[in-house]
Each structure stands twice: as C-alpha cells, then as structure tokens.
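Biologist: Before I take any of the labels on this model at face value, I would like to hear what each one rests on. Can we go through them one at a time?

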Amino acid sequence: MMPPPALKTSLRLLMTLALATALSACASMPQKTPPPSNPTPVETPASTPETLTAQRAGQLTATGHDLAAAKDYIRAAAEARGQTQVHYLMEAAQASLKGRKPRVAILLANEVLRLQHDNAELRSAALWVRAQGFMDQGQTPSAKGNLEELLTITSTPQEVRAQAMGTLATLYTQEGHELTALNFLIEGDSLLSGNDAAENHRRIRALLDSQSTAKLQNWQGRSGNPLVQEWLAVALITRQNPDPQQRQAAISAWLTAHPGHPLINFSDHNATITDTSRLNPALGSICALLPSSGPYAPLSQAITAGMKTAAQLQSGPAVRALRTTGNPSYTAVLFERGIKEGCKVFVGPWLPQDINAVAAVRKPSDPPIITLGVVPGVQQSGLYTLSLSRNVAAQQIAVQSYGAGYRRAYVLYPQDSSGAAIQADFIATWKKLGGEVGGVATYLPGHTFTNEAQRLLSGSPGQDSFVFLVTNAKNANAAVSSIRLINNSVPIFSPALLHGAALPNDARGLSGIASVDMPWIINSGQSWPQAVLLLRSTLPNASDAQWRMAAFGLDAYRIAERVLDKDTTGSLAGATGTLHFVTRNQVIRDMEWMEVENGQIVPLSGVPKPGT
C-alpha cells in the first residue's frame, strides 16, 4: 500500500525543498559533526525498493557523504509508510544537520514531530536535531525551548541530556540568569564522569567565582536544590577563609556536617584548573596566558575554548586559563605564578607589550612559551611563535604566487594602519624573492577609487601579474567591483579573505577573486568535524572573528602537546592549515587557496597559475 495522497505530497514537497537548498550540489563533499543519538532502525523486507535506497543511504553516511545520504533517505521516506517512513525522515534530518544544512534538518525534524506523537525516543531525537539546527542559525531562543522540552523526555540518552544541560547553562549565563545556569550545571553533574565531570566542575567554579558574596548569599535562600545550596555554601566558606589551612579545615568540617557533597578538590580553589589535576600531574599543565579585557577579551575566550575542546577530544592535558589585564607587569607576575603552580607550557602572551614583559623575566630553565604574536628582536630557546595576524597570509601570498610563476604585483590597500602594515609585509617578502612591484596605491573604502588607483590598474598587466588587495568583509565587494570596472581580467589575491568573516550577503561581486585562508573557514566540518559541535555549544553566538580564533585554539593546543613531547619535526594537519616548525622556533601555516564564484567559496588545490 502507498501512503495517503496528502502525506505523500507533503513528503514530495520536503524532498523538493531539500534538493533545492543545495543537497545535490554538495552531496559529494564529506562533512561530519559528532552524530546525535540515532533512533533504533525499523526492519523492513530487504527486497523492497525503499530498503535498497535506505541501505545505500547508510553506506553514504558511513563514508561521510552526508548530503547524498540525506537525499536517499528522503526518497526512501517518500515511498515508505508507518514507523519506517518516520525513521527515514529522522535519518534524513540527522544527515542534513551533519552536512551543514540546518534549515533542511529543522524542516525534516518538524515533520517527524508532526507524524510521531507516541514514540518518545524519536521525539527526543527530533528535538535534539532541531535544537542544533536552531543553534547553527543563531536562533538561540528557539534552540533553548527545544532543549528544555528534550529534558522532559525520560528516554533522552544520558550523553544528550548532559550536553543539553551544558548548552542551556551557557545560554542562560549569556542572558544574565546565572542562578538558572548554575542549576543546569549542577543537575547535569551526575551524568558526567572523568574529564567531562572535571570540566563541568571548572565551569561551576568559574560561575561562582564571578559572583559577588552578596549575590551568593541571596542565591542560598532562592535555590530549592539542596546540592546547589551545598555548592554555594562551600564557595562562601572559601571566600571567608583566605588561609589555605583554615579554609581546608572549614570545608572539611562543613562536609562532615553535610554528607553527600560531590568529591571535589577544594585545596586550590582559586586556580582555574580541572579537578582531575590532583589525580594526574600531567593534567592542567598547558596554560593559556591571554588578555581578559578590552577588544581582545572575546577573541581570547574563543582561543581558550578551542584549546579546551582540543584537550577533551585528544584526552590530553587540561587547559588552565591565566587571564591578563593589559598591564605587562601583571602579565609577567602571572607567568611566574603559573610556573609555581605547575604550568609546563604556555600558549600566549599575545600582545607585544606582554611578550616583552614575559621574555624579560623568563629564565632558560623555565617552561616553553608559544607566543601568538611576533616581536622583532625577541628570540629565546624555548620561545615559539604562532602568529595569528593577516600579515602571515600576506607573506604566504608572496611566497606561493612567486613559486607559481607570477613576477609582478600591483598593491592596493586602504588608508589605515592595519592596511599599511599588511601591504608592507607583503612587499618586503615579495621583493626579497625577486618579485617586481608594478605600483602601489591607496583607496578610501566606500568611495570611488582615486586617480592614482585607477592609473595603477588601467594598464595592460602581463600574464605574470596580479593585484594584491587588502580589504575586509564590509568593503570587499565594492573594492573588487571597482577593480573589475577598470581591468576585467587581472587576478586579485587578498590576504586571509575577509579576515575569516562570513561573505557579504551579496557576494556575486567577489567572483574571480582568489585568496588564501584556513580550512576551518572554508569548511569547518572537514577540518576537525568532532570539534564543531562542541565549540558551538561552548560558543553558541560566536562572531566570525571568534570562530576563526577558536580554530587557532585547536591548533595551539596540539602544538603545545608537540612542544611538551619535544617533537618539533614533521608537519601537523591543523584546523588553520598544515603547520610546520621552522628555524628560530617559528610555526608556519600552509593555508589553503580558494576563490569566490557566484557568491560561493570554492576550495582550490593551489594558487591559480599565471594566465589561467
């Protein structure tokens, strides 16, 4: 028997919509994120056409071709009925989510929820997919509602329930409802073990430490959860007893009077370190020494989140955050304090003044440091450099384009200090290689090109020439379009395209531009698929710049592991590119090239050859 006509029409419409939103165009690209809990498959006769289609979909899923699998599951659902039909729709929703098509995943999950009223397991899975889809689209209020409904279903898998509570805690913290967030963190604690439990304890402590004493006392009277009240009591005892011995004695006395409190190491409460550090001395030995104030604060948060995500996925040393304040002297104090408290390798400092301050007090026997910026003249044994700046991309354009056969560059940059520094680094590297500079001109973003810029581009560059354009997301379309009005064929290379930001809403004007950027920006799901979902939970509303910095955090952690292991040979396939240790302890990134065609990013195998 076939499905009722109305239902069949609905499924056909869903399939058409899914295909129209680029499932077919992207089907050959493997894209993965950690899979949500899957419903139990419903057996159907092996000879039926829908089962053969579903089997093929399962094979596509196993090989990472998630969007192609979603297509086949939708086809199978269109020809099936009953529970089997709903199951295929659920599979299609999950595959669409993995394939970075959250809108399609939400529509399919909606259909599962419409059709399935009495299967708690399927409803739980559909709500989970829908919540992640809303998170991917930045619709956090809708995501929050789905997560809270998911928690009311008793059959929700434990790991999904724990992750939902952690995400809700993040969302409520951002909304200023810290007590609700604290409740979710503590309620989810019993679902966790090992490093996950340790990280959850760290989050609880960080939330408590950020509150005033008066607020904690107020919360004691408002919370109806005895376990929450116990955490609050211990936090207050810690503040009232600054002496470590007195504090430990007071906590021990309180624990004796209130049995049943979770086993937590309170002996070093002020340290931002996971609780399992007392069980394994290697844990907590990677320390992030990054700014916690000013414009760098949200970027530092993202770097640290990336490092902690890598620690969780690598099952390696935990990450400890040492937060600088913009005072170089205090940064040096934090560095020395970190050594005393067990840091074995530091990621950061980042700012030049902090790098100088730490380098001035660091002794040869002190732990190694991976700085995130470059300060000329600062070189020490054990001091490594992983630069986060666009200047690195500018230098790479020079090296790779010269290697591809280009010999003349025309430089165009905006009149600001950042643009001037980037073009200067490019020109210095380009000339050192033997390249010729055909001309240099500035432009004022948002205005018509100057006569100087028009003269620069109005000639007839040879096939071995290109334009080196410094721009950002806001002005990229206008700048490229202005160049094309003057010269329609000259290649345009731009360092770290749009600084890792999303493309403009209408990026058709960028067609023909070529650039280098990190794999994470081109396709996060391929660079480190397991990290995507974890980071979206930790940074649900991350800006484009934060998303970029999270990738640097992932790589900085793995570099720190290499440094700890004294393994600085070979290369590392990272989220930001292929990483190499080179002379003077520098870490160089081989980024990937891409072009923009019809508003879409297209990865390239290398720099476009001259004359192509």
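Modeller: The model is a predicted one, and its protein chain exposes about 26,000 Å². Carbon and sulfur atoms supply 51% of that area.

Biologist: How much of the chain is buried, and what makes a residue buried?

Modeller: Buried residues make up 54% of the 612 residues in the protein chain. A residue is placed in that class if its relative accessible area is under 20%.

Biologist: What secondary structure does the chain have, and what share of its contacts comes from residues 24 or more positions apart?

Modeller: The chain has 24 helices and 15 strands. Among contacts with a separation of 6 or more, 66% are between residues 24 or more positions apart.

Biologist: Why is Gln546 called buried?

Modeller: Its relative accessible area is 10%. The cut-off is under 20%, so Gln546, at 10%, counts as buried. Gln546 sits in helix α24, residues 544-564.

Biologist: What makes the pairing of Gln546 with Gln301 a polar contact?

Modeller: The side chains of Gln546 and Gln301 are joined at 3.5 Å. The limit for a pair of N or O atoms is within 3.5 Å, with one able to donate a hydrogen and the other to accept it, so the pair qualifies as a polar contact.

Biologist: Which residues does Gln546 touch, leaving aside those up to four places away in sequence?

Modeller: Gln546 touches Pro298, Leu299, Gln301, Ala302 and Asn541.

Biologist: Why is Lys566 called exposed?

Modeller: Lys566 has 75% relative accessibility. Exposed means over 50%, so Lys566 is in that class. Lys566 lies in the loop between α24 and β11 (571-573). Its phi is positive, about 60 degrees, although Lys566 is not a glycine.

Biologist: And how do you know that Asn598 is exposed?

Modeller: The relative accessible area of Asn598 is 63%. That value is also set against the cut-off of over 50%, so Asn598 counts as exposed. Asn598 is in the loop between β14 (592-597) and β15 (600-603). Asn598, not a glycine, has a positive phi of about 55 degrees.

Biologist: What makes Tyr296 partly exposed?

Modeller: Tyr296 has 33% relative accessibility. Buried would need under 20% and exposed would need over 50%, so Tyr296 falls in between and is partly exposed. Tyr296 lies in the loop between β1 (286-291) and α14 (297-314).

Biologist: Which residues does Tyr296 touch, leaving out those up to four places away in sequence?

Modeller: Tyr296 touches Pro291, Trp350 and Leu351. The C-alpha atoms of Tyr296 and Gly326 are separated by 9.8 Å, with their positions 30 residues apart along the chain.

Biologist: Where is the peptide bond from Gly348 to Pro349, and is it cis or trans?

Modeller: The bond from Gly348 to Pro349 is cis, with omega near 10 degrees. Pro349 is in the loop between β3 (345-347) and α16 (352-361).

Biologist: Why is Pro102 called buried?

Modeller: Pro102 has 16% relative accessibility. Buried means under 20%, so Pro102 is in that class. Pro102 belongs to helix α5, residues 102-115. From C-alpha to C-alpha, Pro102 and Asp136 are 6.5 Å apart, although 34 residues apart in sequence.

Biologist: What makes Ala125 buried?

Modeller: The relative accessible area of Ala125 is 6%. Set against under 20%, that value makes Ala125 buried. Ala125 is in helix α6. The C-alpha atoms of Ala125 and Leu113 are 9.7 Å apart, and the two residues are twelve apart in sequence.

Biologist: How many cavities are there of 30 Å³ or more, and what makes a space a cavity?

Modeller: The count is three. A space is called a cavity if a 1.4 Å probe fits but cannot get out. The largest cavity holds about 160 Å³.

Biologist: Which residues lie nearest the centre of the largest cavity, and which helices supply its lining?

Modeller: Of its 14 lining residues, Gln132, Met135, Asp136, Leu533 and Arg536 lie nearest the centre. Helices α6 (120-136), α8 (158-174) and α23 (529-538) each supply at least two lining residues. The most come from α6, with five.

Biologist: What classes of residue form that lining?

Modeller: The lining has seven nonpolar, five polar and two charged residues.

Terms used: Residues numbered from 1 in each chain as written. Predicted model: local features only at pLDDT ≥ 70, side-chain atom pairs only at ≥ 80, totals over all residues. Heavy atoms only, no water. Helix = DSSP H or I, 4+ residues; strand = E, 2+ residues; numbered from the N terminus. Buried < 20%, exposed > 50% of the residue type's maximum accessible area, 1.4 Å probe, protein only. Contact = heavy atoms within 4.5 Å. Areas by Shrake-Rupley, 256 points an atom, 1.4 Å probe, with all protein chains shown as cover. 1 Å grid on protein atoms, 1.4 Å probe; cavity = no way out; pocket = protein on both sides within 12 Å on 5 of 7 lines; lining within 4 Å. Points joined across faces, edges and corners; volume = space filled by probe spheres on them. Nonpolar A, V, L, I, M, F, W, Y, C, P; charged D, E, K, R; others polar.
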